[in-house]
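User: I'm new to this one and would like a close look at a single part. Could you take me through the aromatic rings and the core packing around them?

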Amino acid sequence: MVEKKRTEVAQQLQGQKDRKSDSLEQFPIVGIGASAGGLAAFKAFFAGLPSDVEPNMAFILVQHLAPDHKSILTEIVRQYTRMKVFEVVDRDEGVQVRMNCAYIIPPNHNMAFVNGKLHLSIPTGPRGQPMMIDFFFRSLAVDQGGHAIGIILSGTGSDGTLGVRAIKGEGGMVMVQSSETAEFDGMPNNAIATGLVDYQLNAGDMGPALIAYVKYGYEQRSMHVEEFKTQNSLMEVFRLLREQTNHDFSQYKPNTVNRRIERRMAVHQIDSIEKYVVYLQRNRQEVEHLFRDLLIGVTHFFRDNAAFDDLETQVIAQLFDDRPLNSPIRVWVAGCSTGEEAYSIAILIYEKLALLKKNYEVQIFATDIDPKAIETARRGLYSASVAVDISSERLSRFFIAEGKGEDVMYRLHKNIRDMLIFSAQDIIRDPPFSKLDLISCRNLLIYLNTDLQHKVIPMFHYALNSGGFLFLGSSEGINDFSDLFTVKERQSKIFRRKENFHAQHRLTFSRLMTPSTRVPHTIKTIANISPDDDKVSLRALTEQTLLKHIKSACALVNAGGDIFYLFGRTGMYLEPSAGETIVNNILKMARQGLQYELSASLHQAALKQVIIHSPGLRVKTNGDFTTVNLTIRPTVTPPNKKSDNALYLVILDMVPVGEQGPTLHPANSTDSEVTAGNIPDDKASIAALMQELQCKEEYLHAINEELEVSNEELKSSNEEMQSINEELQSSNEELETSKEELQSVNEELSTVNVELQSKMADLTRANNDMNNLLAGTGIATVFVDLNLRIMRFTPAATSIINLIASDEGRPLAHIVTNLHNSEALLRNIQAVLDTLIPSVMDVETISNKWFTMRILPYRTLNNSIEGAVLTFVDITEAKHTREALQQSNDVTHLGTLLQHARDAITVQDLTGQTLAWNHAATQLYGWSEEEALSLNVQQRIPKMQQKDALSKLKQLSNDDEIEPYRTQRLNKAGLTLDIWMTATALLNESGELYGVATMEQFLKGNNSD
C-alpha cells in the first residue's frame, strides 16, 4: 500500500508537467518552507512585510508539523498580517489560490500546487524524513514556471533542496534565511550549498526585497523583451560569458536566455539591459551567477517512470542480446547535471546483469558543462528527498543511509558508482565519445536553437554503434533526421540508429553547413514520389503535377559535378562512362558536344555564383546532333557569395527542330564529293568552319583526356589521403580509447584518494581521541619497542621517568627514572617480552609515591609482538587507606580479644579519641561502650592530671611500654578514681606511633569525691 501511494505521488508530479495553470489572473506564488525554529521565522517574515501596500501575491506556508497535534500556526500568522489566512482543507476539487491571501498546510499532509489550486494527500515517507517542502516546491515550479518563488526558513535536514533546483530550473526565484539568524541552519545551509540561491537575508528583511523583486521581475518584463529584440547589448552579455567561462550561449534558444537574464536583473533591481551589461562588466561574480543560472538542470532519479520502464524493457534488455562477454557495454549520458539520471541507467543495467548472472564490462560516460554539478555527481551523495522518486526496494538495495532523522543523506553503493565516469564536457565544442550502445541526452536539446540541434543529432549518429539507441527528453525529437534514426518508442522518445552511407560526410561538414544546405544523400527522380505515399504533402503533389508539364531536363549537382537529383529525360544528354559500374558525376556522363561547355559553365557558376547561359550547344544523340540551350543556376547560396557546399541546377532545354539552323556535316563527310574550285563561297565558308570546329573538338578532346589523367592522379592522391585519414582516425580512436582508459583510471584513483582521505581523517580523529583518553585518565603510559626504545609516552609518565619530547627513539636504559629500583624495571620488561606473560607489581618512587606498574606485550592488529606497554596507576592514597584500614582492623581484633578481660582496657589514637572499650571499663567508669567511643580521653582525666598525661604520652612515643604507675580518672558520675595504669604504644608497619592501649585497675579505698 505504501509503495502504491509512493507511485501515485511521483505520477502526480510527473503528470503535471504538461498542465499549466489556466487562471486568467496570474500573479507570483510564494512558497515558504520551514521546520524546527520556523515559528519565530514566520513571525519575523510577516511582521517585516510593508503594511501600507498590498503585496499582490499569494503565500503558501509548508512546515513540518506533528501529525497527531492540531496546528496553531494559522492563528499565530493572523496576528502579524492583514491578509486573510486559511488552513488548507481536503477537497476533491482542490482549494483555489487567491491574491493577497496566505495558505497553511495542515498536519500530516503533503500539498501540491496543480492548475492554480492546492491539493492535499497523505504522506508516504517515514515520519522521521518529511519531504513535504520538496514535494510542494516541485509542483509549484511545474505549474507556475517563472512566477514561482521559494523561500527556505529555519529547519534541520535537507528538505527543500530539490525544490530549490526545480524552481530555479523553471526560471523562478529563491530566498533563504541567513544561517547566522536561523535558529536551526540545516535546511538553509543545504539550500545555499546548491549555489542557486538569489537572496540570503534575515527573515524580517525578506518582505521588502520580495516586493522589489516582483516589481522589477514582472511589471517591467514586457519592456525587457522589446529591449532584447532591438539592442545589441545581448551580444555583449554573450561575449562576457564566453570570455569568463569559455562557453558560448549565443545559439541557445532566445526565450530561455532572456528569461534568465530578466530574473538576474530583477534580483539586482536593474531596469534596463544596458545597465545590466555595465553591472556584468564591473562584477565578475555576477557573470558566474548568470552562467550558473543558464546551466540549471531539473533532474531526479528515474525522471518520467514510463520512459524509464520502456528504456528497461526495450533497450537495456536488447543491449545484451548475442553480445560476447569480452564486448563492453558503452553508454554516454550527455548533459548529466548532478548525476541522477546517469545513476538511474546504471541501476537498470546492474539489475539486468544480476538477472543474466554474467559479468559484462560496463562503461557509462556521464558529462556536463557544469563542473560543480559533476563534483556533486561524483560524490553520489543525495538528500533524503530522493526517496520520493525511488522505490523502497531500490532504495535499500542501492543506497546507504548516512546520518539520522532529518539529517539523513543517501549515498550510492560503490558497485554502482564504479560503473560511471564523470567528466566536464561541452557537447557542442568537444569531440564526442564513440562506439556507444546507448546515448541518453534528455532535456538538453530543448535549450539549443535549430542550428545547434542540426549539429548534435548527426554527431550522436556518428558516436553510436550500428543499431545503437538514442534516448531523448519528452519534449525533444530528431527533427528532420529521420534518415539517421528510426523511432523505437515514440511516446518515450527512444530512437534507433540507421545505417547511412553519407552519415560520416554529414558529421564532417555539419559544423560548416547551415541546416538549409544539407546535401541529399541519394539520387532521386520525380518517379520516386508516389501520390499514394502518406508522407507526401499537398505541396509535393502540386509540385509533382506542375513538373509533369515542364519539358526541360534538369540535374541538381554540386561544384564538382556530383549528381544528387535528376528530373526529366536526362538520358538524351547523359550516359555512363565505360569501365565504371556506378557513375554519379554529370561531367563524366555528359555526351559529346556538352562536356566542354558544361564543365566550363559549372566552373564559372561556382566561381562567380551567378547564372550561366550557354545557348545553341550541339549534342550528339544516337548518331545525330541535337541543339540544346544550357543554363546553370546556383540554388542555395545568394549571388556574390562563395560556399564549398552550394548546389547548382543544370537545365537542358532542347531547341525545337524548326528553330535550329541548317544541319552541318563534318568536313570528312562522304555524302557528296566537292572541290575547292566548284564549292560556292557560302559552302566553302561552312566547310572551313566545320573543319575549324572539328579541330577545336579534337583539341578539347585532348585537353579532356589530360584532365581525366589529372583527375585520375588526383583521385589516386585523394585515395592516399583517405587512407592516411583513416590511419589518423584509427590512431585518434586509439588515443580516445587510451584517454578514456586514463579517465577511468583517474576516476578510480580519485575514488581511492577520497577513501584514503576519509580513512586518514578517521585515523586522525581516532588518534586524537586516544591521546585525549590517555591524557584524561591521568595514567602514565610508556610504549617501547623490542629493543626497549621509547616509541611514545603520555604526559603523566614524566613524573615517574624523566622523559621529554626528544626522547622518542632513545633506549629506556639511557633515561633516569624516579623509581627506587630502576634496574629491576628493565629486567621485568625484558622478561615480559621473552615470556609474553604480563607483569603486575607495586613500585615506589623516591618521593614516596606508590604506583601499580603493569607491563604487557604490544600486539598489532595481525597479532604480532612489536614491543611492550608500561602503565603506572597511582595507588598512593589507596595504599594509605589500606594501611589505615589494616590498623583499624587490628584495633577491632584487639578489642574483641580483650572484651572479656577483668581489667578495664581502653584504646585511644594520638588525638585522644577512644577506639576500643571493654566491659570491665564500663563497670569501672559507668559509660557504656557506645558512649565511651564518642568520648575523648581528656574528658576522663582530671585537670590536675592532664599535664602528667601529656608527658606520659611523650614518653610513650620513645618507648613501647610504660611500667605501671598510679594516676586518677573521672567516672560517669564525675567522681575521681585512683587508678593503677599500664600504657602500651601501638605502632604501624613503618614503626610509627598511631595509638595507645591502657590497662587500668581500681585502687580500693582511695576514692575521692
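Analyst: Here is a walk through the aromatic pairs, followed by the nonpolar cores.

Keep in mind that this is a predicted model. There are 21 aromatic pairs in the structure, so let's pick out a couple and look at them properly. A pair of aromatic rings is described by the distance of the centres and the angle of the planes.

Start with Phe301 and Phe399. Their rings meet edge-to-face, with 5.5 Å from centre to centre and 80° between the planes. These two come from distant parts of the chain, 98 residues apart. Phe301 is in the loop between helix H12 (284-294) and helix H13 (305-319), while Phe399 belongs to strand E14 (residues 399-402). Are they buried or exposed? Phe301 is buried, because its relative accessible area is 1%, under the 20% cut-off. Phe399 has a relative accessible area of 5%, so it counts as buried by that cut-off as well.

Now hop over to Phe308 and Phe471, another edge-to-face pair, at 5.7 Å centre to centre and 85° between the planes. Phe308 sits in helix H13 and Phe471 in strand E18 (residues 464-472), so this pair ties together parts of the chain that are 163 residues apart in sequence. Both Phe308 and Phe471 are buried.

Back to Phe301 and Phe399 for a moment: they also belong to one aromatic cluster, along with Tyr343, Tyr382, Tyr410 and Phe422.

What about the nonpolar packing? In soluble globular proteins, nonpolar side chains tend to be buried together. Here the largest nonpolar core has 49 residues, and Leu311 and Ile349 are the ones that touch the most other members. Helix H14 (residues 340-356) gives this core its largest share, eight residues. If you click on Ile349 and ignore its neighbours within four places in sequence, you'll find Ile316, Phe320, Val331, Val362, Ile364 and Met419 in contact with it. There is also a second, separate core of 47 residues, and Phe249, Leu290, Leu452 and Leu470 are among them.

Finally, two rings that have a charge for company. The charged end of Arg618 sits over the ring of Phe625, 4.5 Å from the ring's centre. Arg940 does something along those lines with Tyr925, lying over its face at 5.0 Å from the ring centre.

How values were computed:
Residues numbered from 1 in each chain as written. Predicted model: local features only at pLDDT ≥ 70, side-chain atom pairs only at ≥ 80, totals over all residues. Heavy atoms only, no water. Core = buried A, V, L, I, M, F, W, Y, C linked by side-chain atoms within 4.5 Å. Buried < 20%, exposed > 50% of the residue type's maximum accessible area, 1.4 Å probe, protein only. Helix = DSSP H or I, 4+ residues; strand = E, 2+ residues; numbered from the N terminus. Contact = heavy atoms within 4.5 Å. Phe/Tyr/Trp six-rings, centres within 6.5 Å; stacked < 30°, edge-to-face > 60°. Lys NZ or Arg CZ within 6 Å of the ring centre and 35° of its normal.
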